[in-house]
Amino acid sequence: MIFVQVASFEEWRQKARHLLLARVPPAEVDWEGEGLFSEELPAPEAGTPHVPKAFVEAAECAACFREPRKWDLLYRILWRIQHENRQLLQVASDEDVSALRHMVDEVRRDSHKMKAFVRFRKLGDDYIAWHEQCHLVLERTAPFFARRFGPMRWAILTPDRSAYWDGMDLRFGPGVPRSQAPSDDAMEELWKTYYANIFNPARVKVAAMKAEMPVKYWKTMPETALIPGLLAGAEQRVREMVQVEPIVLEERPDLWAARLLQAKAPLGEIAQAVSRCRGCELCEKTHAVFGAGSHAAPLMLVGEQPGDQEDKQGKPFVGPAGQILRQTLAALRVPVEHVYLTNAVKHFHWEDKGKNRLHKRASPTQIRICRPWAEAEIQTIRPRVLVCLGVTAAQSLLRPDFRLTRQRGQLIESPLADKVLATFHPSYLLRIPDPEERAQQRALFDQDIALAYQLSLEA
Ligand code: URA
């Protein structure tokens, strides 16, 4: 018997992959074991097991189920998918599948409850909430609060883990015992005042609240006592309500872009906002280079960031890498009005190397801060086909672990456009020293752009 202990989905995934490739059947693994991962473990065979996406998604969700028996179940299902039935997840009557579905449902329900019942209390400039989760859903659910309460600094404390949001980054730390949860009367009063101030009667759905709010959560929600009084004066307050806006939009491209999108602002207005953006330090150093091309283009190409020439001329893809791209488009006879060119990051990031400004890769933070602008361009233009040129654009817009070596030239599921693919960045082609290899990679690049153009012509 092999004893394995895991603390996270990622850890389970790695170990399960190892065991699967080492052909260790589920009956020989004890996932709740106290021992360490056996050093005697047979070496895994080479290869990558094919695991259906639906299983990975369900497993990631079920991994938040509180009881450790989930690891055992997940490995057994994984094994059975590989060795018995690739369509196993569709067999609803199967005992393992039904147990997995139960776990997924429970976790989803608990995550929903967290979204519905977490209430923040004001503590100085920060907001703090205490919540008792049934399952381990904090990590999964906290990004919802980061999106919803982006401008606030907040913490959600649970006995298992805690989440902290500083307006930019989400971090997780150890849990806080209930005895240390903020519960003194002064805070309670503060919280009630805060709740009375922000109470938006237009948003209250009384019936839904009564139906949804289990008694279990009442103890963490002091405002429940206030609601009848607040509702009594609701109509008057709806009329009086004034929106207070303490946010500096220039420093919050995420909020600014969202607001422009909501107002269905034209692209020119988004471009102006980008030129005034002060979201990161790059904005102080170089010009903003917004996208260029037709506002109704069916084909959009997204690069990494403007280079030296682009910064000087204020247009994307006008330097050496742009020449390669434009050559390819010209060879395919792509009409100018068919294409929109832009970048994942709107500023040239460079370092001083003697006389020249040398391109420096944008940092993950700079990429993340700038992403709402590229997304706003995509959502405004709504191209039929979106092409990410290079790994920076692909990781920013598609997924952070995107690998060109694995997924170049393939169609990728994405809500951003009907057809999405990624290919090399043209500047990569410029840097390949061996002429033969350069020609080979260039052919692949040309082929990918040709495919994208072809797809963009299809209705
Ligand atoms: N490289 C890019 O990614 N974008 C440009 O605009 C120029 C070079």
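A polar contact here is a pair of N or O atoms within 3.5 Å; within protein, one must be able to donate a hydrogen and the other to accept it, and residues adjacent in sequence count only if both atoms are side-chain atoms. What you see is a predicted model, where local features need pLDDT of at least 70, side-chain atom pairs count only at pLDDT 80 or more, and totals for chains, interfaces and linings use all residues. Numbering starts from 1 along each chain as its sequence is written, and side-chain values use heavy atoms, with hydrogens and water left out.

**View 1. The ligand and the residues around it.** Start with F317: one of its backbone N or O atoms sits 2.9 Å from an oxygen atom of the ligand. H425 joins in through its side chain, with an N or O atom 2.6 Å from a ligand oxygen. Over at Q305, a polar backbone atom is 3.0 Å from a nitrogen atom of the ligand. The ligand would expose 240 Å² if taken alone, and the protein buries 93% of that (Shrake-Rupley areas, 1.4 Å probe). Residues around the ligand (a heavy atom within 4 Å of it) also include G303, E304, P306, E310, P316 and N343. That shell splits into 3 nonpolar, 4 polar and 2 charged residues. Here Ala, Val, Leu, Ile, Met, Phe, Trp, Tyr, Cys and Pro count as nonpolar, Asp, Glu, Lys and Arg as charged, and the others, Gly among them, as polar.

**View 2. The largest cavity.** On a 1 Å grid over the protein atoms alone, a cavity is a set of points where a 1.4 Å probe fits but cannot get out, and lining residues have an atom within 4 Å of a point. The structure holds 2 cavities of 30 Å³ or more, and the largest has a volume of about 80 Å³ (the space filled by probe spheres set on the points, which are joined across faces, edges and corners). Its lining has 13 residues, with C277, C283, H347, C370 and W373 nearest the centre. Helix α16 (364–381; helices are DSSP H or I runs of at least four residues, strands E runs of at least two, numbered from the N terminus) gives the largest share, 4 residues. By class, the lining has 10 nonpolar, 2 polar and 1 charged.

**View 3. The second largest pocket.** A pocket is an open set of grid points with protein on both sides within 12 Å along at least five of seven lines. This one has a volume of about 1900 Å³. Among its 44 lining residues, R13, R399, D401, F402 and Q407 lie nearest the centre. Helix α1 contributes the largest share, 8 residues. The lining counts 20 nonpolar, 9 polar and 15 charged residues.

**View 4. Two hairpins.** Strands pair if DSSP finds at least two bridges between them. β11 (residues 350–353) and β12 (residues 356–359) run antiparallel, joined by 4 bridges, and W350 stands opposite H359. In their turn of 2 residues, G354 has a positive phi of about 65 degrees. β6 (residues 161–165) and β7 (residues 170–174) are antiparallel too, over 5 bridges. R161 stands opposite P174, and G167, in the turn of this hairpin, has a positive phi of about 100 degrees.

**View 5. An open sheet.** Five strands line up in the order β8-β10-β9-β13-β14, with mixed pairing. β8 (292–293) and β14 (419–423) stand at the edges with a single partner strand each, so one side of each has no neighbour in the sheet. β13 (residues 385–389) pairs with β14 in the parallel sense over 5 bridges, with V385 opposite K419.
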